[in-house]
Amino acid sequence: MDDDISDIELADLVVRGHPGAFQRFYQRHSQLIYACIRKRANAADVDDVFQAFFERLIAKDYRPLQLWQRGTSLPVYLAKVVRNFVVDFYRAKKSREEAVGGAAEIEALLDPQEETLSLKGHLDELRRLGIRAWAALDKRDRVMILRPISQGSHE
């Protein structure tokens with residue numbers, strides 16, 4: 001496949017299932033996609049998110065490429081798509097973790113008067129990790145997290 005084809009031509013070939021088009025798309029844009037994921041995802045999750053992004057792209061018949069407005073920058077558009085995908089990935093992950101069990105199940109088993117030093121130590125460590133995670137967030141990500149809380153308090 002010609003290396004000089006435009007992003008518009010390449011996206012159209014990918015959507016139409018042209019042989020080799022997806023591989024060319026991957027070669028051209030995978031570093032950008034990986035960098036966007038690395039910027040937003042936990043280091044331990046980057047490879048999983050990267051793989052899941054491409055799996056979903058293929059499973060959804062390249063829907064994001066179908067929705068891309070030709071004439072706008074594909075890399076800028078992909079960065080937005082990836083950002084939203086990472087948010088969705090963590091929402092789904094959180095939902096799966098909550099379905100497995102959470103603090104409410106543990107608290108139900110505990111007698112508040114019998115809190116052990118071990119449990120207190122674990123809770124303190126979780127608080128410290130939470131504070132460090134919050135400090136590591138970009139300001140705009142903090143606003144996104146707080147927005148649903150503040151909107152919910154006005155209802």
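The protein chain has eight helices and zero strands; both are DSSP runs numbered from the N terminus, with helices being H or I runs of at least four residues and strands E runs of at least two. Read from the N terminus on, the elements run α-α-α-α-α-α-α-α. This is a predicted model, in which local features need pLDDT of at least 70 and side-chain atom pairs count only at pLDDT 80 or more, while totals for chains, interfaces and linings use all residues. Residues are numbered from 1 along each chain as its sequence is written, and side-chain values use heavy atoms, with hydrogens and water left out.

Of the 155 residues in the protein chain, 24% count as buried. Buried means under 20% relative accessible area, exposed means over 50%, and partly exposed lies in between (1.4 Å probe, protein chains only). Contact means heavy atoms within 4.5 Å. Among contacts between residues at least 6 apart in sequence, 57% join residues at least 24 apart.

**How the helices pack**

Two packed helices are described by the angle between their axes and the distance between the axes. Here the axes are lines fitted to C-alpha atoms, for helices over the stretch in contact, and angles run from 0 to 180 degrees between N-to-C directions.

| Helix pair | Axis angle | Axis distance |
|---|---|---|
| α1 and α2 | about 135° | 8 Å |
| α2 and α3 | roughly 140° | within 10 Å |

Let's take α2 (residues 21–40) and α3 (residues 46–59) to begin with. These two are oblique to each other; under 35 degrees counts as roughly parallel, over 145 as roughly antiparallel, 65 to 115 as roughly perpendicular and the rest as oblique. α2 passes α3 in a right-handed crossing, where the near helix is turned clockwise from the far one by less than a right angle (anticlockwise would be left-handed). Residues making the contact include Phe-25, Ser-30 and Ile-37 of α2, along with Val-49, Phe-50 and Phe-53 of α3. By class, the contact of α2 with α3 has 13 nonpolar residues, one polar and two charged. Ala, Val, Leu, Ile, Met, Phe, Trp, Tyr, Cys and Pro count as nonpolar, Asp, Glu, Lys and Arg as charged, and the others, Gly among them, as polar.

α1 and α2 are also oblique to each other, but α1 passes α2 in a left-handed crossing. Asp-7, Leu-10, Leu-13 and Val-14 of α1 meet residues of α2, among them Phe-22 and Phe-25.

**The nonpolar core**

A nonpolar core is a set of buried Ala, Val, Leu, Ile, Met, Phe, Trp, Tyr and Cys residues joined through side-chain atoms within 4.5 Å. The largest one has 30 residues, and Phe-25, Ile-37, Phe-53 and Phe-54 have the most contacts inside it. Two or more residues each come from α1 (7–15), α2, α3 and α5, with α5 giving the largest share, eight residues. Leaving aside neighbours within four places in sequence, Phe-53 is in contact with Ile-33, Ile-37, Val-81, Val-82 and Phe-85.

**Three residues up close**

Val-86 sits in helix α5 (residues 74–100) and counts as buried because its relative accessibility is 3%. Beyond its neighbours within four places in sequence, Val-86 is in contact with Ile-37, Arg-40, Ala-41 and Val-49.

Ala-79 also belongs to helix α5, but at 26% relative accessibility Ala-79 counts as partly exposed. Its C-alpha atom is separated by 6.8 Å from that of Ile-33, 46 residues away along the chain.

Ser-30 belongs to helix α2. At 12% relative accessibility, Ser-30 counts as buried, and outside its neighbours within four places in sequence it is in contact with Phe-25, Phe-50 and Phe-54.
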